[in-house]
Amino acid sequence: MGIWNLKGVAAAATLLTASHFAWADYPDKPVVLVVPFAAGGPSDKIARDLADALRKPLAQTVIVDNTAGAGGTIGSARVARAAPDGYTLLVHHIGMATAPALYKKLPYKVPEDFEPLGLINEAPSTLVGRPSLPVNQFAELRKWIAANEGKVNIANAGVGSASHLCGLLLQASLASKMIPVPYKGTAPAMTDLMGGQVDLMCEQATNAVPQIEAKKIKLFGVTSKQKLPLPALAQAPTLAEAGLAGFEMTVWHGLYAPRGTPAAVLAKLNTALRSALKDPELIKRQEALGVRVVTDARLEPVEHRKFVEAELQRWSKVIRDAGESAD
Ligand code: MLT
């Protein structure tokens, strides 16, 4: 190897070491987890559980900051524009894969503008209704929807949210068009569902289970492939077995940093995420709500990226077939 090559290698090694060294103290100030939905909903819930579990492996304060609106795209844009220094991260879900098919003027690119750090959890969704609905089983609900075609409304957390997508799948499966009622998150939507201001919602188990247990809403079905063992959900059929053949939806959450975040920081964050997802308290809290914490290869950033790209393909077709768009 010529002298210039040797010098080149030495220079590259110095740069790498300097970069690694420059981030050796990371994190030396609080890390912010941005949640792109209102406080109190499923995304907020997993973010707060994750923040609690990350404090130990990062040996640093981890705080959750809600930037809601436009189906999660406002909070996602905030992180896409944030300094790539590992102090502003995004906790987001299936909306990462749906926004590009729904928003023509999206102020960021998926997956290009983000560094995936790993998947966090997977939650089934539930089809729930206001307590005053004059039906109790899915078969009766199906008849009621048909008898009230065009008048039934369904809450969601904005175009591209998990609840919006689940609602699209439901309407396509029932060949019924419902009136969407968007909120900044499914926490405020749940308040209105319990109050009877909206008829239905397709909501993650995370946010639905406490209200089902309290008998404040009616449960008609779950969107998982199999029935769920959780007592609050065990009585409900899967929507597939209730007559919507092939209906299946799992809402996943992932952790993201802005593109350009140094590799040394990404490695520290991925290691801390793996450790946090083994936290018994986090696992207990999530499983109590019917949610599974991820332990598989999708914790590898490259596998997480592949997964998001596959989900992007899947949901783009659902959205195209539904003729949906946010703009
Ligand atoms: C969704 O519908 O995307 C989420 O439930 C929104 C939220 O976490 O509030």
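Which helices and strands each supply at least two residues of the shell around the ligand? In this predicted model, the elements that do so are α2 (42-58), α6 (162-174) and β7 (200-204).

The shell draws at least three residues from each of domain 1 (3-123 + 251-322) and domain 2 (124-222), and by class it has 4 nonpolar, 8 polar and 1 charged residues. Of the 13 residues around the ligand, those that come nearest are Ser-43, His-93, Ala-162, Ser-163 and Thr-186. Polar contacts to oxygen atoms of the ligand include those in the table below, which come from backbone or side chain as stated.

| Residue | Polar atom of the residue | Distance to an oxygen atom of the ligand |
|---|---|---|
| Ser-43 | backbone | 3.0 Å |
| Thr-186 | side chain | 2.8 Å |
| Glu-203 | side chain (N or O) | 3.4 Å |

Beyond these contacts, the protein buries 100% of the 270 Å² that the ligand exposes when taken alone, and the ligand sits in the largest cavity.

Some backbone features in loops also deserve a look. Most residues other than glycine have a negative phi, and most peptide bonds are trans. The peptide bond from Tyr-26 to Pro-27 is cis, with omega near -5 degrees, and Pro-27 is placed in the loop between α1 (3-22) and β1 (31-35). A cis peptide bond also leads from Val-110 to Pro-111, where omega is near 5 degrees, and Pro-111 belongs to the loop between α4 (95-102) and β4 (114-129). Ala-59, although not a glycine, has a positive phi of about 50 degrees, and this residue lies in the loop between α2 and β2 (62-66).

Methods:
Residues are numbered from 1 along each chain as its sequence is written. This is a predicted model: local features need pLDDT of at least 70, side-chain atom pairs count only at pLDDT 80 or more; totals for chains, interfaces and linings use all residues. Side-chain values use heavy atoms; hydrogens and water are left out. A residue is near a molecule or strand if one of its heavy atoms lies within 4 Å of it. A polar contact is a pair of N or O atoms within 3.5 Å; within protein, one must be able to donate a hydrogen and the other to accept it, and residues adjacent in sequence count only if both atoms are side-chain atoms. Accessible areas come from the Shrake-Rupley method with a 1.4 Å probe; for residues, only the protein chains shown count as cover. On a 1 Å grid over the protein atoms alone, a cavity is a set of points where a 1.4 Å probe fits but cannot get out, and a pocket is an open set with protein on both sides within 12 Å along at least five of seven lines; lining residues have an atom within 4 Å of a point. A molecule sits in a cavity or pocket if more than half of its atoms lie within 2 Å of its grid points. Helices (H or I, at least four residues) and strands (E, at least two) are DSSP runs, numbered from the N terminus. Ala, Val, Leu, Ile, Met, Phe, Trp, Tyr, Cys and Pro count as nonpolar, Asp, Glu, Lys and Arg as charged, and the others, Gly among them, as polar. Domain bounds come from an automatic or database domain assignment.
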